[in-house]
Amino acid sequence: MLPVLLLLTLVELGSGLVLGSFEDTLLRYPSLLVLVPVTIGTAGNLGSVLAARLSTAFHLGTLSFAPDDETLAGNALATVALAATVFPVVGLGAWGLSALTGSTDLSPWIVLAVSLSSGLSLAVLAVLVTVVATYAAYRLELDPDDVVIPVVTNTCDVLGVVLLYLAVRVFV
Amino acid sequence: MTVREVAVEAYREALPALGASLVGGLLAGVVLGGMRADLRAVEGLLVLVPALLATRGNVYGSLGARLATGLHQGLIEPRVRAGDRRIRAAAAAALANGIVASLFAATAAFAVLSALGAPVASLWRLVGIAVVAGLLSGATLVVVVVTVVFAGYRRGYNPDTLVGPLVTTTGDVFGILFLLIAVRTVALVLGGV
């Protein structure tokens with residue numbers, strides 16, 4: 001447990017360094033700072049839900065790694081749909097809560113654009129990462145339950161922060 | 001099943017858990033938004049935030065999964081008795097892992113930021129903050145995870161589906177809240193902020 005844990009901590013430190021690189025912008029606009037934990041949390045959750053479902057399908061023998069596989073396509077579609085549902089609430093919630101608890105210099109539409117664009121691109125990348133990690137576990141004869149979920153959850157955490165950074169660069 | 005049926009089922013199953021972690025994440029964000037002065041004063045603290053939050057999820061999520069497996073196998077009883085060695089051992093191991101990972105995160109963040117020539121607070125301040133926050137949130141999460149998994153199991157819920165949303169939601173909120181308390185506590189001892 002401990003070596004894996006320390007390795008994952010180093011990976012997460014990578015996303016911390018990305019956050020540090022735009023710390024000034026985050027501190028200037030509190031609604032963007034409010035987005036940080038919820039983006040990381042939702043990113044990791046989207047990945048872990050998909051990974052858990054693909055691992056179970058894999059164990060049951062109902063998963064084949066082909067683009068026209070129903071289990072694969074259906075779960076990928078659900079991940080994108082979940083992101084499209086959750087990230088507008090994330091953006092408007094972050095803006096609303098910062099407006100309630102202090103002041104915000106950004107318009108709600110900018111925060112919404114940051115949240116939705118980073119969330120939707122994250123969903124697409126989460127699908128790719130999960131499928132590749134599940135396939136790699138299958139080829140290396142590892143148990144996907146043990147390997148895929150922590151790898152995917154922590155990779156999605158990092159991707160969430162990187163995409164948040166890119167969205168802030170584009171929209172703010 | 002068709003693609004559409006698979007998608008609808010996956011969507012329905014995942015939405016409640018995502019909703020719960022959304023609420024927890026937003027609450028954590030509000031606390032983080034209120035910590036701007038602390039984040040400015042303790043350089044490098046923001047770099048630590050994702051690692052500290054993920055440690056909570058990795059360590060206490062795994063504790064919850066172990067408890068759930070133990071319950072399913074009948075190895076442990078769903079009662080919090082001080083005498084049950086298995087529960088105490090699992091909780092102590094989780095707490096120790098959480099502290100070691102927090103300590104490691106603070107040291108590594110200090111080393112990387114120093115190597116990059118970025119401004120960074122003293123090693124003792126970062127380590128102090130990480131350990132105090134790890135101890136407080138770890139102790140709280142052990143109590144929350146054990147209580148909710150046992151109570152849920154006794155009422156007939158599958159503990160496996162409770163653990164994920166529970167740990168991500170409470171982990172985010174308590175993780176950031178105790179980070180704030182840790183920053184202020186360490187400032188009392190070392191001065192500053």
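This is a short talk on the helix packing in chain B and on how chain B meets chain A.

Okay, so up front: what you're looking at is a predicted model. On the confidence side, the ipTM is 0.87 and the pTM is 0.87. For chain B, the pLDDT averages 89, and 98% of the residues score at least 70.

Let's start with chain B by itself. What do we get reading along the sequence of chain B? The pattern is α-α-α-α-α-α. DSSP finds six helices there and zero strands. If you lay the C-alpha trace of chain B along its principal axes, the spans come out at about 55 × 50 × 25 Å.

Now a pair of helices inside chain B. Helix 3 of chain B, residues 45–73, packs on helix 5 of chain B, residues 123–154, and the axes sit 10 Å apart at an angle of about 30°. We call anything under 35 degrees roughly parallel, so helix 3 and helix 5 of chain B are roughly parallel to each other. The handedness of that crossing is right-handed.

Who's touching whom there? From helix 3 of chain B you have, among them, L45(B), L48(B), L52(B), R56(B), Y60(B) and G64(B), and the partners in helix 5 of chain B include I129(B), A133(B), S137(B), V145(B), V149(B) and Y153(B). Sorted by class, this contact of helix 3 with helix 5 of chain B has 17 nonpolar, two polar and one charged residues.

On to the interface. How many residues does each chain put into the contact? Chain B gives 50 residues and chain A gives 52. On the chain B side, helix 1 (3–33), helix 2 (36–41), helix 3, helix 4 (85–115) and helix 6 (159–190) each supply at least two residues. Which helix of chain B has the largest share of that side? Helix 1 of chain B does, with 19 residues. By class, the side of chain B that touches chain A has 33 nonpolar, 14 polar and three charged residues.

So let's follow helix 1 of chain B across to chain A, taking two partners in turn.

The first partner I'll show is helix 3 of chain A, residues 30–60. Its axis is 8 Å from that of helix 1 of chain B, and the packing angle is about 155°. Over 145 degrees counts as roughly antiparallel, so that's what helix 3 of chain A and helix 1 of chain B are. Their crossing is right-handed, and the contact has 17 nonpolar, eight polar and one charged residues.

The other partner is helix 4 of chain A, residues 70–101. The axes of helix 4 of chain A and helix 1 of chain B come within 8 Å, crossing at roughly 25°. Helix 4 of chain A and helix 1 of chain B are therefore roughly parallel. That crossing is right-handed, and by class the contact has 21 nonpolar, eight polar and one charged residues.

One last check, on chain A. Helix 5 of chain A covers residues 108–139, which is 32 residues, so at 1.5 Å a residue it should span 46 Å. The end C-alpha atoms of helix 5 of chain A are 46 Å apart, which agrees. Just after, helix 5 of chain A is followed by E141(A), which has a positive phi, near 55°.

That's what I have; happy to go back to any of the helix pairs.

Terms used
Residues numbered from 1 in each chain as written. Chains lettered and ligands numbered in written order. Predicted model: local features only at pLDDT ≥ 70, side-chain atom pairs only at ≥ 80, totals over all residues. Axes fitted to C-alpha atoms, helices over the stretch in contact; angles between N-to-C directions. Helix = DSSP H or I, 4+ residues; strand = E, 2+ residues; numbered from the N terminus. Parallel < 35°, antiparallel > 145°, perpendicular 65-115°, else oblique. Left-handed = near helix turned anticlockwise from the far one by under 90°. Contact = placed C-beta atoms within 7 Å. Nonpolar A, V, L, I, M, F, W, Y, C, P; charged D, E, K, R; others polar. Expected span 1.5 Å × (residues − 1). pLDDT = per-residue confidence, 0-100.
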